[in-house]
Amino acid sequence: MNAPIGADARLALDLALTIRHDGHGGVADDLATAEGLTAWVRERPETGARGFEADDMDLAAVRDVRAAVRALFARAVLPGEPSPADAARLMPVRDAVERLNTRAALTPTVPVLSWTEGADPVVRQEPAGGDAELTATLARGAIAFLASPDRQRLRACHAPRCVRYFLKDHPRQEWCKPSCGNRARVARHHERHKKTA
């Protein structure tokens, strides 16, 4: 299957995946500091934040958007279980929707038409005043993803120690990556042998 991931889905997933397994049985936060946010944004030109330098206010705002995204991802994977990283402290869905909508409205946009020779016309939304506010870009990407058919492919990985969300690429896919599948199989094997011993 390996369906391509759209830019909005990639940005929303990348934001959600800044909460990850730390490799030692715990959870790491790539957005724990303003420096971490600066590095994350600079690796993603699609945010439109050229020369971005995060401060504590930016960090708090982006972490707020991320909390809303993860809450809505948890709803999107129902009836499956959400990521164990934050399942016990998810914000209410109504609050998450309101926060994304509020952030998305921070930068007004205008439609811009592109029509190259031999191709169909394409309309994209661009900030009306030049640069987009970072949280508006992130919120709009998450809203576009959550309203797209790709949302139906969203799953939470339930391999031991994994806290990631992923887009299911084929019908039998259960984990975000092969190493998670291996950990899950090893854990099941050990559990079966404990029962028989």
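Here is a short tour of this structure, stop by stop.

**Before you click**

You're looking at a predicted model, where local features need pLDDT of at least 70, side-chain atom pairs count only at pLDDT 80 or more, and totals for chains, interfaces and linings use all residues. Residues are numbered from 1 along each chain as its sequence is written, and side-chain values use heavy atoms, with hydrogens and water left out.

**Stop 1: the whole protein**

Show everything as a cartoon. You should find six helices and six strands; helices are DSSP runs of H or I with at least four residues, strands are runs of E with at least two, and both are numbered from the N terminus. Starting at the N terminus, the order is α-β-β-α-α-α-β-β-α-β-β-α. The C-alpha trace spans about 70 × 45 × 30 Å along its principal axes. Of the 197 residues, 39% count as buried (buried is under 20% relative accessible area, exposed is over 50%, partly exposed is in between, with a 1.4 Å probe and protein chains only).

**Stop 2: α1 and α5**

Select residues 7–16 (α1) and 134–146 (α5). Their axes come within 8 Å and cross at roughly 115°; axes are lines fitted to C-alpha atoms, for helices over the stretch in contact, and angles run from 0 to 180 degrees between N-to-C directions. That makes α1 roughly perpendicular to α5 (65 to 115 degrees; under 35 is roughly parallel, over 145 roughly antiparallel, the rest oblique).

Now show side chains. On α1, pick D8, A9, L11, A12 and L15; on α5, pick T137, L138, G141, A142, A144 and F145. These residues make the contact, meaning heavy atoms within 4.5 Å.

**Stop 3: D150**

Move on to the loop between α5 and β5 (154–156), where D150 sits. Is D150 buried or exposed? It's buried, with a relative accessible area of 19%. Leaving out residues up to four places away in sequence, D150 touches G6, A9, F145 and L167. You met A9 and F145 at the previous stop, in the contact of α1 with α5.

**Stop 4: α2**

Select residues 34–42, which form α2. Colour A34, G36, L37, T38, W40 and V41: these are buried. What covers them? Look for α1, α3 and α5, which are among the cover.

**Stop 5: A87**

Finish in the loop between α3 (56–76) and α4 (93–104), where you'll find A87. A87 is partly exposed, at 38% relative accessibility. Measure across to R70: the C-alpha atoms are 9.2 Å apart, while the two residues are 17 apart in sequence.
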